[in-house]
Amino acid sequence: MKTYRIANTPLTVTRIVYGCMGIGGGWAPGLLTERTRKEALAAVRAALDEGINFFDHADIYGRGRCEEAFSGIWEDRPGLRSQVVLQTKCGIRFKDDPAQGSPQRYDFSREHILQSVDASLRRLKTDYLDILLLHRPDALAEPEEIAAAFDALLAAGKVRHFGVSNHSAWQIELLKRAVRQPLVVNQLELNLVHNQLIAAGTIVNQDEPARAIHGAGTLEYCRLHDITIQAWSPLAHGALAKAGVGRGEEKMRTAAAAARAIAEQKGVSLDAILVAWLLRHPAGIQPVIGTTNPQRIKETCAADNVGLTREEWYTLLSAGSGRSVA
Ligand SMILES: NC(=O)c1ccc[n+]([C@@H]2O[C@H](COP(=O)([O-])OP(=O)(O)OC[C@H]3O[C@@H](n4cnc5c(N)ncnc54)[C@H](OP(=O)(O)O)[C@@H]3O)[C@@H](O)[C@H]2O)c1
């Protein structure tokens, strides 16, 4: 699989990232079952077999079970740790954590970041993370506190590189006032039907943008500052694959039909076309695919060899936006 260099790091990573949110058996509290463990490893093996060397986690995925299930891969493939890039996230806390009645919330306090990383390292059975991301912007974030946590994690050898997720350009600028390490990744929701950050580049100064754009300019900012952009939910969480005749909203069906037509013509799956559409963007976007189905993982990775013409790319943009460009 073709690779990208993550700027400001020595890391060379595959263009497609495997997202591990789905491998822990859901969100309900409970222990990891043997069946989930097996299915998780089958998915991770399928990703490795396609050549993927970059794995995305979060402390909260499956309430910790995703990281735990993933760690089984070390026994399966000794020597693998140094050949893969592990990324996890922190900063979201569940309801009732730590005490009954605590609300679901964001928490970028130094104490929480440090605790979260220690717990992720234990579950992942590793002594370092390649990249740690701040998961979703915390309105109460204090850049100096985050900086203190990052300094401590780097000094302890627990985290090698840092980044963010779901952050706007201005939020990154604010963090950079205090954080000394380069922020190397911004992971954002981007797919054919959730495309406003991409479509924003085509509607400057027009009267009727398709919908209000929060965070417009974020992609351009990341490109200007060598921040690798990752796309979460690149397969629209299966919504397009499930949007059949008479099912789903019209935009979804139109987008699915356009993607299917191109998929058929190129002899690949609809999911592969969704990923190829992101890869065609000149920002060097890294789709973080989350299917847990080994066959779908294989079919989706075929995107690495699918080239889309400018015409095909804009046909898909129009279908996914429900409007053609002016
Ligand atoms: N930073 C953030 O805030 C954030 C938020 C969400 C996710 N993420 C990351 O992004 C990764 C991907 O997210 P995601 O799982 O939402 O993305 P996704 O790759 O867009 O969707 C995967 C989901 O869609 C289903 N799906 C895909 N193709 C399908 C098809 N042809 N037919 C039926 N179902 C299909 C999969 O089911 P099967 O498993 O059955 O194939 C799975 O449930 C996550 O694993 C996580 O690492 C980050």
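Before I start, one term: a residue is called buried when its relative accessible area is under 20%, exposed when that value is over 50%, and partly exposed in between. What you have in front of you is a predicted model, and I will go from the whole chain down to a few individual residues.

Let me begin with the overall form. The protein chain has 13 helices and twelve strands, and along its principal axes the C-alpha trace spans about 50 × 45 × 45 Å. For 326 residues, a compact globule would be expected to have a radius of gyration near 20 Å, and because the protein chain has 20 Å, the two agree. Buried residues, in the sense I have just given, make up 53% of the 326 residues. If we take the contacts in the chain with a separation of 6 or more, 73% of them are between residues 24 or more positions apart.

Turning to the surface, the protein chain exposes about 15,000 Å², and carbon and sulfur atoms supply 51% of that area. As for charge, there are 38 positive and 36 negative side chains, and the centres of these two sets lie 3 Å apart.

Now to the aromatic residues. How many aromatic pairs does the structure hold? There are eight aromatic pairs, and I would like to take two of them in turn. In the pair formed by Trp27 and Tyr61, the rings are edge-to-face, with 6.1 Å from centre to centre and 85° between the planes. This pair links distant parts of the chain, since Trp27 sits in the loop between strand 3 (17–19) and helix 1 (34–49), whereas Tyr61, 34 residues apart from it, sits in the loop between strand 4 (54–56) and helix 2 (65–70). Is each partner buried or partly exposed? Trp27 counts as partly exposed because its relative accessibility is 40%, while Tyr61, at 7%, counts as buried.

The second pair is Phe55 with Phe70, whose ring centres are 5.2 Å apart and whose planes stand at 55°, so this pair is classed as tilted. It also links distant parts of the chain, with Phe55 in strand 4 and Phe70 in helix 2, 15 residues apart. Both Phe55 and Phe70 are buried. These two phenylalanines also belong to a cluster, in which ring pairs link Tyr18, Phe55, Phe70 and Trp74.

I will finish with two residues in helices further along the chain. Ala147 is found in helix 5, which covers residues 143–155, and it counts as buried because its relative accessibility is 3%. Not counting residues up to four places away in sequence, Ala147 touches Ala178, Val179 and Arg180. Its C-alpha atom is separated by 34 Å from that of Ala40, and these two residues are 107 residues apart along the chain.

Ile172 lies in helix 6, residues 169–176, and with a relative accessibility of 0% Ile172 counts as buried as well. What is Ile172 in contact with, once its neighbours within four places in sequence are left aside? The contacts of Ile172 are then Val164, His167, Leu183, Asn186, Tyr221, Cys222 and Ile227. By way of contrast, the C-alpha atoms of Ile172 and Ala42, which are 130 residues apart along the chain, are separated by 36 Å.

How values were computed. Residues are numbered from 1 along each chain as its sequence is written. This is a predicted model: local features need pLDDT of at least 70, side-chain atom pairs count only at pLDDT 80 or more; totals for chains, interfaces and linings use all residues. Side-chain values use heavy atoms; hydrogens and water are left out. Helices (H or I, at least four residues) and strands (E, at least two) are DSSP runs, numbered from the N terminus. The radius of gyration is taken over C-alpha atoms; the globule rule is 2.2 Å times the number of residues to the power 0.38. Buried means under 20% relative accessible area, exposed over 50%, partly exposed in between (1.4 Å probe, protein chains only). Contact means heavy atoms within 4.5 Å. Accessible areas come from the Shrake-Rupley method with a 1.4 Å probe; for residues, only the protein chains shown count as cover. Lys and Arg count as positive and Asp and Glu as negative; His and the chain ends are not counted. The place of a charge is taken as NZ of Lys, CZ of Arg, CG of Asp or CD of Glu. Rings of Phe, Tyr and Trp (its six-membered ring) pair if their centres lie within 6.5 Å; planes under 30 degrees apart count as stacked, over 60 as edge-to-face and the rest as tilted.
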